[in-house]
Amino acid sequence: MIVELEGSCDENGMMMDYGEMKRLVAPLVDRFDHCFLCDDKDELMQSFLATTPFKHVIVPFTTTAENLVFHLLDELWKIFLPYQQVTSLRLRLQETEISYAEAERTREG
């Protein structure tokens, strides 16, 4: 996953410290990293996962890269919204070496 921010810089020429950005993004990455994604409509798989120690996340959508990138973008946008200097958030979710889904959110006004 690649997270790109656009916005205004402070007097030192910095929009956001990378450490701060990592701190904000890490919980979401940790939640989804190396987990099994399961559509909330897939009752059979949910029953199976309930009997295993597999790390999994139940999501309210079909588990395509496109749906996942929009979901992650929405989650990250909520996190970055209080940072007024951030005017745009772009997210790329790499599925393979040559295929990815990408989405962008821009602050209105």
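Buried, in this tour, means a relative accessible area under 20%, exposed means over 50%, and partly exposed covers the range in between. The model is a predicted one.

**The whole chain**

Begin with the complete protein in cartoon representation. Its secondary structure amounts to 3 helices and 5 strands, and from the N terminus the elements follow the order β-α-β-α-β-α-β-β. The C-alpha trace extends about 55 × 30 × 25 Å along its principal axes. If the display is coloured by accessibility, buried residues account for 31% of the 109 residues. Among contacts between residues at least 6 apart in sequence, 50% connect residues at least 24 apart.

**The three-stranded sheet**

Next, select β1, β4 and β5. These strands make up an open sheet of 3 strands in the order β1-β4-β5, with antiparallel pairing. The edge strands are β1 (2–7) and β5 (100–106), each of which pairs on one side only. From one strand to the next, the twist averages 15 degrees.

Inspect the pairings in turn. Between β1 and strand β4 (residues 86–94), the antiparallel pairing extends over 6 bridges. Within this part of the sheet, show Glu 4 and the residue opposite, Arg 90 in β4. The antiparallel pairing of β4 with β5 extends over 7 bridges, and a hairpin of 5 residues leads from β4 to β5.

Now select Arg 92, Glu 102 and Tyr 100. Glu 102 in β5 is the bridge partner of Arg 92. What lies over the face of Tyr 100? It is Arg 92, at 3.6 Å from the ring centre.

**Helix α3 across the sheet**

Add helix α3 (residues 65–80) to the selection. The helix lies across β1, β4 and β5, and runs at about 150 degrees to β4. Within helix α3, pick out Ile 79. Is Ile 79 buried or partly exposed? Its relative accessible area is 28%, so Ile 79 counts as partly exposed. Then display Val 25 as well: the C-alpha atoms of Ile 79 and Val 25 are separated by 8.2 Å, although the two residues are 54 residues apart along the chain.

**The parallel pair and Asp 39**

Move to strands β2 and β3, which pair in the parallel sense over 4 bridges. Strand β3 (residues 56–59) presents two faces: Val 57 and Val 59 are on the covered one, while His 56 and Ile 58 are on the uncovered one.

Centre the view on Asp 39, which belongs to strand β2 (residues 36–39). Across from Asp 39, in β3, stands Val 59. With a relative accessible area of 15%, Asp 39 falls under the 20% limit and is therefore buried. Which residues does Asp 39 touch, not counting those up to four places away in sequence? They are Gln 46, Val 59, Phe 61, Thr 62 and Thr 63. Finally, draw the distance from the side chain of Asp 39 to Lys 41: a polar atom of that side chain lies 2.9 Å from the backbone nitrogen of Lys 41.

**The aromatic pairs**

The last stop requires the aromatic rings, among which the structure holds 2 aromatic pairs. Select Phe 48 and Phe 54 for one of them: the pair is tilted, with 6.1 Å centre to centre and 50 degrees between the planes. Phe 48 has a relative accessible area of 41%, which means that this residue is partly exposed. Phe 54 is likewise partly exposed, with a relative accessible area of 46%.

Turn then to Phe 80 and Tyr 83. The ring centres of Phe 80 and Tyr 83 are 6.4 Å apart and the planes stand at 55 degrees, so this pair too is tilted. Why does the pair count as tilted, with planes at 55 degrees? Planes under 30 degrees apart would be stacked and planes over 60 edge-to-face, so the remaining range is called tilted. Colouring these two residues by accessibility completes the view: Phe 80 is buried, with a relative accessible area of 0%, whereas Tyr 83 is partly exposed, with a relative accessible area of 22%.

Methods: Residues numbered from 1 in each chain as written. Predicted model: local features only at pLDDT ≥ 70, side-chain atom pairs only at ≥ 80, totals over all residues. Heavy atoms only, no water. Buried < 20%, exposed > 50% of the residue type's maximum accessible area, 1.4 Å probe, protein only. Polar contact = N/O pair within 3.5 Å; in protein donor to acceptor, adjacent residues only side chain to side chain. Contact = heavy atoms within 4.5 Å. Phe/Tyr/Trp six-rings, centres within 6.5 Å; stacked < 30°, edge-to-face > 60°. Lys NZ or Arg CZ within 6 Å of the ring centre and 35° of its normal. Pairing = 2+ DSSP bridges. Axes fitted to C-alpha atoms, helices over the stretch in contact; angles between N-to-C directions.
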